[in-house]
Amino acid sequence: MFSDFDRFAMQRALTLAARGLETTDPNPRVGCVIAQHGRVIAEGWHERAGEAHAEVAALRAAGSQAAGASVYVTLEPCSHQGRTPPCVAALTEARVARVVYATADPNPLVNGQGAQALRDAGIAVEAGLLAAEACELNPGFIKRMQQGLPFVRLKLAMSLDGRTALAGGASQWITGAAAREDAQHWRARSSAILTGVGTVLADDPRLTVRLPGESGAGEPRQPLRVVLDSQLRTPPAARLFGGGGEVLILTARASPEDARVAELSARGARVEWLPDAAGRLALPAVLGRLAELEVNEVLVEAGATLAGELIARSLADELLVYLAPKLLGPQARALVQLPQLTELALAPQFVLTELQQVGEDARLRLRPRATGAA
């Protein structure tokens, strides 16, 4: 049975973990609180891959006071040597008395082994406190470890009547400045931003994070930018080659000897080949490859065709929809392209998990409704 103080301390650890939303990739976001006799004595959080884990940062702050203390951490302490030494060893050496963690680490190198190593060292271990909240901090890391796939978040912006652009293609700007800035934070927390070559040709986006200073000192971390381009039509002069960070172009039909590969490589792009399906890149293969590259969360910013395919094939884990209080009319472009439905019951259905006003617009977060759910 967890006490009120246990819940308070774990909630604080979750708040600390959230500080790493935009910086820890590809590692999980983790926070830690150390307490003695119902009083917090030290805190820590994982800031960046390769740097101290949350437990180690908190133990450093606690010093000798860690002996006999209770440790609250949002993820099971690691028991293996990675970029840094195992946290279990640090906790054991500090002679803490009790470790409470929110959720197990799904990494096969850790899952359950960290907790067992602590018990073997004589440390009391309890798990499951605020587990759901901890999982929400790391949906991509958990899915990649459990399924070998990243968490796919599909970003959309639309008018009240579900339109994304005028018939002629004009779409800047459907939403206001506050919504566009908010979207930058979702870019910043993502491992990769994915789009199709059609969007590159039509809009020439940069797909960069433009929030100077938001991820700590200096420029923000730039996610991997991924372009699905089965015919290798990406222009070498495209703006996405500027702004730092890496560009990955996934193609299916061009050969490595194609002159366009050399041109794109000269611009800093990495070109890779994947299987195609009916002339288009096979999306499961795309997502599997991104997981191999340690991509946890993918933010998809694409046109109606790719967005519709992700939804129709149940590959989108979450919709991030910005709703502008304006009407564009029936001639304007639709939000997504889906196969024609013959029955209303066949329509993809979603559960609204969050609704928030952002400036004059609304931001909705939705998850697919489980098959057969009411």
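Ala, Val, Leu, Ile, Met, Phe, Trp, Tyr, Cys and Pro count as nonpolar, Asp, Glu, Lys and Arg as charged, and the others, Gly among them, as polar. Everything in these views comes from a predicted model, where local features need pLDDT of at least 70, side-chain atom pairs count only at pLDDT 80 or more, and totals for chains, interfaces and linings use all residues. Residues are numbered from 1 along each chain as its sequence is written, and side-chain values use heavy atoms, with hydrogens and water left out.

**View 1. Nine nonpolar residues line the second largest cavity.**
A cavity is a set of points, on a 1 Å grid over the protein atoms alone, where a 1.4 Å probe fits but cannot get out; lining residues have an atom within 4 Å of a point. The volume is the space filled by probe spheres set on the points, which are joined across faces, edges and corners. Here that comes to about 50 Å³. Look for Val152, Leu194, Leu228, Leu283, Val286, Leu287, Val300, Leu306 and Leu310 around this space. Two elements, α10 (283-292) and α11 (304-312), each give two or more residues to this lining. (Helices, H or I of at least four residues, and strands, E of at least two, are DSSP runs numbered from the N terminus.) Helix α10 has the largest share, with three residues. You won't find any polar or charged residue in this lining.

**View 2. The largest cavity has a more mixed lining, with nonpolar, polar and charged residues.**
The structure holds two cavities of 30 Å³ or more, and the largest has about 80 Å³ of space in it. Count the residues around the largest cavity and you get to 18. Five of them are nonpolar, seven polar and six charged. Start from the middle: Asp25, Asn27, Arg29, Asn296 and Glu297 lie nearest the centre. Helix α6 (residues 139-147) gives the largest share of the lining, three residues.

**View 3. Arginine 29 and glutamate 297 meet in a salt bridge.**
Side chains of opposite charge can pair when their charged atoms come close. A salt bridge is a side-chain nitrogen of Lys or Arg within 4 Å of a carboxyl oxygen of Asp or Glu. In this pair, the distance from N to O is 2.7 Å. The partners sit 268 residues apart in the chain: arginine 29 is in the loop between α1 (4-17) and β1 (31-36), and glutamate 297 is in strand β14 (residues 297-300). Arginine 29 and glutamate 297 are both buried; buried means under 20% relative accessible area, exposed over 50%, and partly exposed in between (1.4 Å probe, protein chains only). Both partners also belong to a network of salt bridges, which includes Glu136, Arg153, Asp182 and Arg189.

**View 4. Two other salt bridges each join a buried and a partly exposed residue.**
Arginine 313 and glutamate 309 meet at 3.8 Å, N to O. Arginine 313 counts as partly exposed because its relative accessibility is 42%, while glutamate 309, at 19%, counts as buried. In the other pair, glutamate 354 and arginine 363 come to 2.7 Å, N to O. Glutamate 354 has a relative accessible area of 24%, so it is partly exposed. Arginine 363 has 6%, so it is buried. The whole structure holds 24 salt bridges.

**View 5. Strand β8 (residues 192-196) is mostly covered.**
Five of its five residues are buried. Ala192, Leu194 and Gly196 point one way from β8, and Ile193 and Thr195 point the other way. Now look at the neighbours (two strands pair if DSSP finds at least two bridges between them). Strand β8 pairs with β9 (residues 224-228) in the parallel sense over five bridges, and isoleucine 193 stands opposite arginine 225 in β9. Strand β8 also pairs with β14, again in the parallel sense, over three bridges. There, leucine 194 stands opposite valine 300. You've met both in View 1, where Leu194 and Val300 line the second largest cavity.

**View 6. Helix α2 (residues 54-62) has several buried residues and a glycine just after it.**
The buried ones are Ala54, Glu55, Val56, Ala58, Leu59 and Ala62. What covers them includes β1, β2 (39-45), β3 (70-75) and α3 (87-93), judged by contact, meaning heavy atoms within 4.5 Å. Just past α2, glycine 63 takes a positive phi of about 60 degrees. On the other side, glycine 50 is found in the loop between β2 and α2. At 42% relative accessibility, glycine 50 counts as partly exposed. Glycine 50 and asparagine 27 are 23 residues apart in sequence and 9.0 Å apart in space, C-alpha to C-alpha. Asn27 was in View 2, among the residues nearest the centre of the largest cavity.

Conventions: On a 1 Å grid over the protein atoms alone, a cavity is a set of points where a 1.4 Å probe fits but cannot get out, and a pocket is an open set with protein on both sides within 12 Å along at least five of seven lines; lining residues have an atom within 4 Å of a point.
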